[in-house]
Amino acid sequence: MSAEQDPVKLMKQEVGRAAAARVQSGTIVGLGTGSTTAYAIEFLGDRIKKGELKDIKGIPTSFQASVLAKQYGIPLTTLDEVDRIDIAIDGADEVDPQHNLIKGGGAAHTREKIVDALAEQFIVVVDSSKIVDRLGSTFPVPVEVIPLAMTPVMRAIEKLGGKPELRMGVKKAGPVITDQGNMVIDVKFDSIDNPGELEKTLNNIPGVLENGLFVGVTDLVLVGEVVDGKPVIR
Ligand code: 5RP
């Protein structure tokens, strides 16, 4: 099957397009990380090229997002140069019924949380496989850790009932290193009863930079589904 016919890919494209269509001229846009957001970045670039979107500036949430933004002709800025972010578009690894999220599948959750939480409107773009009844049911909680604190942080997380695992890169040749030069541990919890409490508790462990629980920051979730082989957004 060619990439163009792959329904999951088509659906990610459509959800990215739907999010990009909500961006208005003259705005500051948070640019998320991941395969779904990559399409939103591409479609923003298309709209700029067509002259339909003028005077926007992007704030990337990762090195990957900044490379894509440059590739698609989106001018970039930084948090030092702006006093607001109007809209942010980002993916997620899990979305619960309250629209709380687990993010960080791409190890970018620290910058993503800074940018997404500052945005006036934060739009999440996902496919329907990311919708869960309870956070943590399919995906562990990513935690970015300053390397020298790795062992004490792992012990502290075990005391909280979590099962931490250092995230390894492709071919398991070494750990994944974040854009900040840190490492990520993925933590499996038997049950996350109070995501907001857990988010704070994890961030309170000395050596933890940020975790991938995003509680109370989402404004809108665009969900892509494949129905009868065709992409549908709801
Ligand atoms: C990166 C993220 C991504 O947004 C998340 O992993 C979803 O990615 P994709 O759209 O490729 O499924 O949080 O840190």
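This report covers the sheets, the nonpolar core, the ligand shell and two unusual backbone angles of a predicted model.

## The six-strand sheet

One open sheet has 6 strands. Their order is β2-β1-β3-β6-β12-β13, and the pairing is mixed. The edges are β2 and β13 (230–233). Each of these has a single partner strand, so one side of each is left without a neighbour in the sheet. Neighbouring strands are turned by 20 degrees against each other on average, with direction ignored.

Two pairings in this sheet can be followed at residue level. Strand β1 (residues 28–31) pairs with strand β2 (residues 57–60) in the parallel sense, over 4 bridges. Leu31 has Pro60 as its bridge partner in β2. Strand β6 (residues 119–127) also runs parallel to its partner, strand β12 (residues 220–227), over 5 bridges. There, Val125 is bridged to Leu222 of β12.

## Faces of β1

In a regular strand the side chains alternate between the two faces of the sheet. Strand β1 can be read residue by residue. Ile28 and Gly30 point one way, while Val29 and Leu31 point the other way. All four are buried.

## Helices on the six-strand sheet

Helix α1 (residues 7–20) lies across β3 (85–90), β6, β12 and β13. Its direction is at about 150 degrees to that of β12. Helix α4 lies across β1, β2, β3 and β6. Relative to β3, α4 runs at about 135 degrees.

## The four-strand sheet

A second open sheet is built from 4 strands in the order β8-β9-β7-β10. Its pairing is antiparallel. The edge strands are β8 (163–166) and β10 (208–211), and each pairs on one side only. On average, neighbouring strands here are turned by 30 degrees against each other, direction ignored.

Inside this sheet, strand β7 (residues 141–145) and strand β9 (residues 183–188) form an antiparallel pair over 5 bridges. Val145 has Met183 as its bridge partner in β9. Helix α4 packs on this sheet too, touching β7 and β10. The direction of α4 makes about 65 degrees with that of β10. Helix α4 thus has a place in both descriptions: it touches β7 and β10 here, and it lies across β1, β2, β3 and β6 in the six-strand sheet.

## The nonpolar core and Ala40

The largest nonpolar core has 57 residues. Those with the most contacts inside it are Ala40, Ile41, Leu44 and Val125. Val125 is also the residue of the β6–β12 pairing that has Leu222 as its bridge partner.

Is Ala40 buried or exposed? Ala40 has 31 other C-beta atoms within 10 Å. The cut-off for a buried residue is 20 or more, so Ala40 counts as buried. Ala40 lies in helix α2. Leaving aside neighbours within four places in sequence, Ala40 is in contact with Gly16, Ala19, Ala20, Ile89 and Val125. Asp93 is 53 residues from Ala40 in sequence. The two C-alpha atoms are 17 Å apart in space.

## Around the ligand

The shell around the ligand has 18 residues. Which come nearest? They are Gly34, Thr36, Gly91, Gly105 and Gly106. Two elements give two or more residues to the shell: α2 (35–49) and α4 (109–118). The largest share, 3 residues, comes from α2. Helix α2 is also the helix that holds Ala40.

By class, the shell divides into 3 nonpolar, 11 polar and 4 charged residues.

## Two positive phi values

Most residues other than glycine have a negative phi. Two residues of this model depart from that pattern.

Asp55 has a phi near 55 degrees, a positive value in a residue other than glycine. Asp55 lies in the loop between α2 and β2. Asp55 counts as exposed because it has 10 C-beta neighbours inside 10 Å, and the cut-off for exposed is 12 or fewer.

Lys171 is not a glycine either, yet its phi is positive, at about 65 degrees. Where does Lys171 lie? Lys171 is in the loop between β8 and β9. Lys171 is exposed, with 6 other C-beta atoms within 10 Å.

Methods:
Residues are numbered from 1 along each chain as its sequence is written. This is a predicted model: local features need pLDDT of at least 70, side-chain atom pairs count only at pLDDT 80 or more; totals for chains, interfaces and linings use all residues. A residue is near a molecule or strand if its C-beta atom, placed from the backbone, lies within 6 Å of it. Ala, Val, Leu, Ile, Met, Phe, Trp, Tyr, Cys and Pro count as nonpolar, Asp, Glu, Lys and Arg as charged, and the others, Gly among them, as polar. A nonpolar core is a set of buried Ala, Val, Leu, Ile, Met, Phe, Trp, Tyr and Cys residues joined through C-beta atoms within 7 Å. Two residues are in contact if their C-beta atoms, placed from the backbone, lie within 7 Å. Two strands pair if DSSP finds at least two bridges between them. Axes are lines fitted to C-alpha atoms, for helices over the stretch in contact, and angles run from 0 to 180 degrees between N-to-C directions.
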